[in-house]
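Work through the following exercises with the sequence and the model side by side. Try each task before reading its solution.

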Amino acid sequence: MQTKELQDIASQVRRDIVRMVHGCQSGHPGGSLGCTDLIVGLYFQQMKINNRKGKGGNLTFNMDGTNEDLFFLSNGHISPVFYSVLSHRGYFDKAELATFRKINSRLQGHPTTHEHLPGIRIASGSLGQGLSVAIGAALAKRLNGEKTTIYCLMGDGEQQEGQVWEAAQAAPHHKLDNLIAVIDLNGQQIDGPTKKVMDNRDLKAKYKAFGWNVIEIADGNDMEQVITGLRKAKRLSGKGQPIMILLKTEMGAGVDFMMGSHKWHGVAPNDEQLAAALAQLPETLGDY
């Protein structure tokens, strides 16, 4: 898929995000907008997934993901971007996005497995747990003799969780070179800038010291840089080390008044703000 096609998908996903959060007046638009390019790049370009279709024309979904690349969203509060990408990729009808965070919806504020929403493999949102799950999946894939890749996305505020560092030590110990993790470096968390809440300092040096092969993507909101970085990570896999991508993004990317502040971490736009946001985001695939 060409870069322009991926950019068009990302624009529509960003429209979905602000509309979903506005529709229920609840949710997390900032980080969702910032991670849009990465998750679009993964699902529409990088990952090997099952493209077989079942009844209704949607993709068939197998929880085990046999012979598929798997993605685990650890910072589950950015569920709006995840749901939008899954729907556009064909896991379920995009009309269901209108039910986000509403009573009896499968699209809960944080992804859950008991709702049986296609594409969701773990319940997430309790920060610090996703990398551990990804390690378990990577071990299972290796035991099964699969030549597939496990991807995991975490937030930078999430690096303040102790479980992350237990997992960070375990992956190189087990030489999990089928694991590619990503940290969204937007420098913001719910209570303010990460440097003020709990400074992560030099994450590159920390992960390298733990035994990871670390690469950086300078602008995680530039689709070309994202795809180039993902391809580089894939080339480096299979060489005895897990891969860590440090992805520099802007919280609220694509909507000027949401960018550069933690204030849009978990705040819904009002009617006027929604209109202003949508004016900046071209409708490319049709709104739900």
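**Exercise 1.** Describe how helix 1 crosses helix 4, and decide which word fits the angle between them.

Solution. Begin with the handedness: helix 1 passes helix 4 in a right-handed crossing, where right-handed means that the near helix is turned clockwise from the far one by less than a right angle, and left-handed that it is turned anticlockwise. Helices here are DSSP runs of H or I with at least four residues, strands are runs of E with at least two, and both are numbered from the N terminus. The model is a predicted one, in which local features need pLDDT of at least 70 and side-chain atom pairs count only at pLDDT 80 or more, while totals for chains, interfaces and linings use all residues. Residues are numbered from 1 along each chain as its sequence is written, and side-chain values use heavy atoms, with hydrogens and water left out.

Next take the geometry: helix 1 (residues 3–24) and helix 4 (residues 79–89) pack at an angle of about 130°, and their axes are 9 Å apart. Axes are lines fitted to C-alpha atoms, for helices over the stretch in contact, and angles run from 0 to 180 degrees between N-to-C directions. Helix 1 and helix 4 are therefore oblique to each other, since angles under 35 degrees count as roughly parallel, over 145 as roughly antiparallel, 65 to 115 as roughly perpendicular and the rest as oblique.

Finally, look at the side chains: Gln12, Val13, Asp16, Ile17, Met20 and Val21 of helix 1 meet Pro80, Val81, Tyr83, Ser84, Val85 and His88 of helix 4, contact being heavy atoms within 4.5 Å.

**Exercise 2.** Describe how helix 1 packs with helix 10, and name the residues that meet.

Solution. The angle between helix 1 and helix 10 (residues 271–278) is about 175°, with the axes 10 Å apart, and the two helices are therefore roughly antiparallel to each other. On the side of helix 1 the residues are Arg15, Val18, Arg19 and His22, and they meet Asp271, Leu274, Ala277 and Leu278 of helix 10.

**Exercise 3.** Find the strand order of the sheet, and then place two helices on the sheet.

Solution. The open sheet is formed by 5 strands in the order 1-2-3-7-6, with parallel pairing; two strands pair if DSSP finds at least two bridges between them. Strand 1 (70–73) and strand 6 (213–217) are the edge strands, each pairing on one side only, and the twist averages 20° from one strand to the next.

Within the sheet, strand 2 (residues 150–155) and strand 3 (residues 179–185) pair in the parallel sense over 6 bridges. Helix 5 (residues 130–143) packs on the sheet and touches strand 1, strand 2 and strand 3, its direction making about 175° with that of strand 2. Helix 9 (residues 223–236) also packs on the sheet, touching strand 2, strand 3, strand 6 and strand 7 (243–248), and its direction makes about 170° with that of strand 6.

**Exercise 4.** How do the axes of helix 3 and helix 9 cross?

Solution. The axes of helix 3 (residues 36–46) and helix 9 come within 10 Å and cross at roughly 60°, and the two helices are therefore oblique to each other. The crossing of helix 3 and helix 9 is right-handed. Among the residues in this contact are Leu38 and Leu42 of helix 3, and Val226 and Leu230 of helix 9.
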